[in-house]
Amino acid sequence: MDNIKYKTFEDVTEVYGKTNLCKICNIKQIITYAKLGVQPVWIDEGYGGKLIAYYFIPETKVAWKYWLENRPDTGQAENAADRGGNRSAGWE
């Protein structure tokens, strides 16, 4: 597959569709995706100079599943369950 360099975010949303993009601002999650070989389709700068990466959701599903199966147990999953919220990107 050839990599296409988009000039604007509007070009990206036209190709992928706005509902098919996942915006991630957490640098640890961006690095995890990079380690798993998933690259963002668009990178931008947000408020305060923070990095924002936009990913094509179908490309992140397998990486997300792999991460869930292999993440170290830090007790955060129980805390999230206690709050009643699932903080995933909505793939379940």
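Tyr-33 is buried, at a relative accessible area of 3%, in this predicted model. Its ring pairs with that of Tyr-55, which is also a buried residue, with a relative accessible area of 1%.

The two residues belong to separate elements. Tyr-33 sits in helix H2, residues 27-35, and Tyr-55 in strand E3, residues 51-56, so their pair ties together parts of the chain that are 22 residues apart in sequence. The ring centres are 5.0 Å apart and the planes meet at 50°, so this pair is classed as tilted. An angle of 50° is neither under 30 degrees, as stacking would need, nor over 60, as edge-to-face would need.

A search of the whole structure finds five aromatic pairs. One of them joins Tyr-6 and Tyr-16, with 6.1 Å from centre to centre and 70° between the planes, an edge-to-face arrangement. Tyr-6 is in the segment before helix H1 (9-16), while Tyr-16 is in helix H1, so the contact between the rings ties together parts that are ten residues apart in sequence. Tyr-16 counts as buried, at 16% relative accessibility; the cut-off for that class is under 20%. Ring pairs also bring in Phe-56, so that Tyr-6, Tyr-16 and Phe-56 are linked into a cluster.

Gln-39 leads back to Tyr-55. Gln-39 lies in the loop between H2 and strand E2 (42-45), and is partly exposed, with a relative accessible area of 48%. Leaving aside residues up to four places away in sequence, Gln-39 touches Ala-34, Tyr-55 and Glu-59. Tyr-55, one of these contacts, is the buried partner of Tyr-33 described above. Gln-39 can also be placed relative to Ala-53: the two are 14 residues apart in sequence, and their C-alpha atoms are 8.9 Å apart in space.

The cysteines remain. A disulfide is a covalent bond between the sulfur atoms of two cysteines. How many disulfides does the structure contain? The count comes to zero. Cys-22 is in no disulfide, and the nearest cysteine sulfur to its own belongs to Cys-25, 9.5 Å away. Cys-25 is likewise in no disulfide, with the sulfur of Cys-22 as its nearest, at 9.5 Å. The cut-off for a disulfide is within 2.5 Å, so a sulfur separation of 9.5 Å does not qualify. The surroundings of the two residues can be described by accessibility: Cys-22 is buried, with a relative accessible area of 10%, whereas Cys-25 counts as partly exposed, at 45% relative accessibility.

Notes
Residues numbered from 1 in each chain as written. Predicted model: local features only at pLDDT ≥ 70, side-chain atom pairs only at ≥ 80, totals over all residues. Heavy atoms only, no water. Phe/Tyr/Trp six-rings, centres within 6.5 Å; stacked < 30°, edge-to-face > 60°. Helix = DSSP H or I, 4+ residues; strand = E, 2+ residues; numbered from the N terminus. Buried < 20%, exposed > 50% of the residue type's maximum accessible area, 1.4 Å probe, protein only. Contact = heavy atoms within 4.5 Å.
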